[in-house]
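Got the viewer open and the cartoon view switched on? Let's take a walk through this one, a stop at a time.

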Amino acid sequence: MRKWLWALVLVWAPALALSPSVALLGGYGGRALGGLEASWDCQLFQPPVGALRPTLNLAYDGQDLQGAFLMRYLLGVGEGVRAGGGLGLRYHKNPQVYLRGDLEYGLGALTNLPLFLGADLGYALGVLSNNPQSGPVFQVKLGYRF
């Protein structure tokens, strides 16, 4: 019985610390294509004001699989509106340094569901490979937070 209890603790403890979400995308990677994104925010870091969280994003835009890992700070700026930014790494055909600004609006008050509407504007700088690719990255997303 103890083995089952420890197995449940080891499986559920990390899951409780993560906040997953899925979103439909538009304009990811500078293209006007739609796509799907899965993201996980870690809930372990909570300063007195705002939220500083490590975040993992995986996206598929119909052509490529892309990913980003960044430290993201979000601050509530209005009723259901959060704004902030992050710094981290992005992978799209090669590793890139990634600087991003975020804006999110929680649609929970309107829909009684944990839906959100968001926009990210970032810049990916390809300094980590022999074939650097740099440029702006923009996405608009409608998502569901679990």
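Start by selecting Gly-118 and Lys-141: Gly-118 stands opposite Lys-141 in β8. This is a predicted model, so keep that in mind as you click around. The strands at this stop are β7 and β8, which pair in the antiparallel sense over 10 bridges. Slide along to Tyr-123 and you'll find that its bridge partner in β8 is Pro-136.

Now show the side chains of β7 (residues 115-125). Which ones point to the buried face? Phe-116, Gly-118, Asp-120, Gly-122 and Ala-124 do, while Leu-115, Leu-117, Ala-119, Leu-121, Tyr-123 and Leu-125 point to the other face and are not buried. That back-and-forth has a general background: in a regular strand the side chains alternate between the two faces of the sheet.

On to the other neighbour of this strand. β6 and β7 run antiparallel and are joined by 10 bridges. Select Val-97 to see one of the facing pairs, with Leu-125 of β7 standing opposite.

Time to zoom out. What do the strands add up to? A closed barrel of eight strands, running β1-β2-β3-β4-β5-β6-β7-β8 with antiparallel pairing. From one strand to the next, the twist averages 30 degrees.

To see where the barrel closes, highlight β1 (residues 18-26). On one side, nine bridges join β1 to the antiparallel strand β2 (residues 34-42). On the other, β1 pairs with β8 (residues 135-145), again antiparallel, over six bridges. Ala-23 is a handy marker here: Glu-37 of β2 stands opposite it, and so does Gly-143 of β8. Side chains alternate along β1 too, with Ser-19, Ser-21, Ala-23 and Leu-25 on the buried face. Leu-18, Pro-20, Val-22, Leu-24 and Gly-26 point the other way and are not buried.

Next, colour the charged residues. Side chains of opposite charge can pair when their charged atoms come close. How many salt bridges does the whole structure have? A search finds nine. Pick out Arg-72 and Glu-104, whose closest N and O atoms are 3.8 Å apart in a salt bridge. Arg-72 sits in β4 (residues 65-78) and Glu-104 in β6 (residues 95-106), so this pair ties together parts 32 residues apart in sequence. Both Arg-72 and Glu-104 are buried.

Keep Glu-104 selected and add Arg-82, since these two side chains also meet in a salt bridge, at 2.7 Å from N to O. Arg-82 belongs to β5 (residues 81-91) and Glu-104 to β6, 22 residues apart. Arg-82 counts as partly exposed because its relative accessibility is 23%, whereas Glu-104, at 5%, counts as buried.

One more pair: Asp-120 and Arg-100 form a salt bridge, with 3.6 Å between the closest N and O atoms. Asp-120 and Arg-100 are both buried. For the wider view, select Glu-37, Asp-41, Arg-72, Arg-82, Arg-100, Asp-102, Glu-104, Asp-120, Lys-141 and Arg-145 together: salt bridges link them in a network.

Last stop, the nonpolar side of things. Select Ala-68, Leu-70, Tyr-98, Ala-124 and Val-137, the five residues of the largest nonpolar core. Then centre on Tyr-98 and look past its neighbours within four places in sequence: its contacts include Ala-68, Leu-70, Leu-87, Tyr-123, Ala-124 and Val-137.

Terms used. Residues are numbered from 1 along each chain as its sequence is written. This is a predicted model: local features need pLDDT of at least 70, side-chain atom pairs count only at pLDDT 80 or more; totals for chains, interfaces and linings use all residues. Side-chain values use heavy atoms; hydrogens and water are left out. Buried means under 20% relative accessible area, exposed over 50%, partly exposed in between (1.4 Å probe, protein chains only). Helices (H or I, at least four residues) and strands (E, at least two) are DSSP runs, numbered from the N terminus. Two strands pair if DSSP finds at least two bridges between them. A salt bridge is a side-chain nitrogen of Lys or Arg within 4 Å of a carboxyl oxygen of Asp or Glu. Axes are lines fitted to C-alpha atoms, for helices over the stretch in contact, and angles run from 0 to 180 degrees between N-to-C directions. A nonpolar core is a set of buried Ala, Val, Leu, Ile, Met, Phe, Trp, Tyr and Cys residues joined through side-chain atoms within 4.5 Å. Contact means heavy atoms within 4.5 Å.
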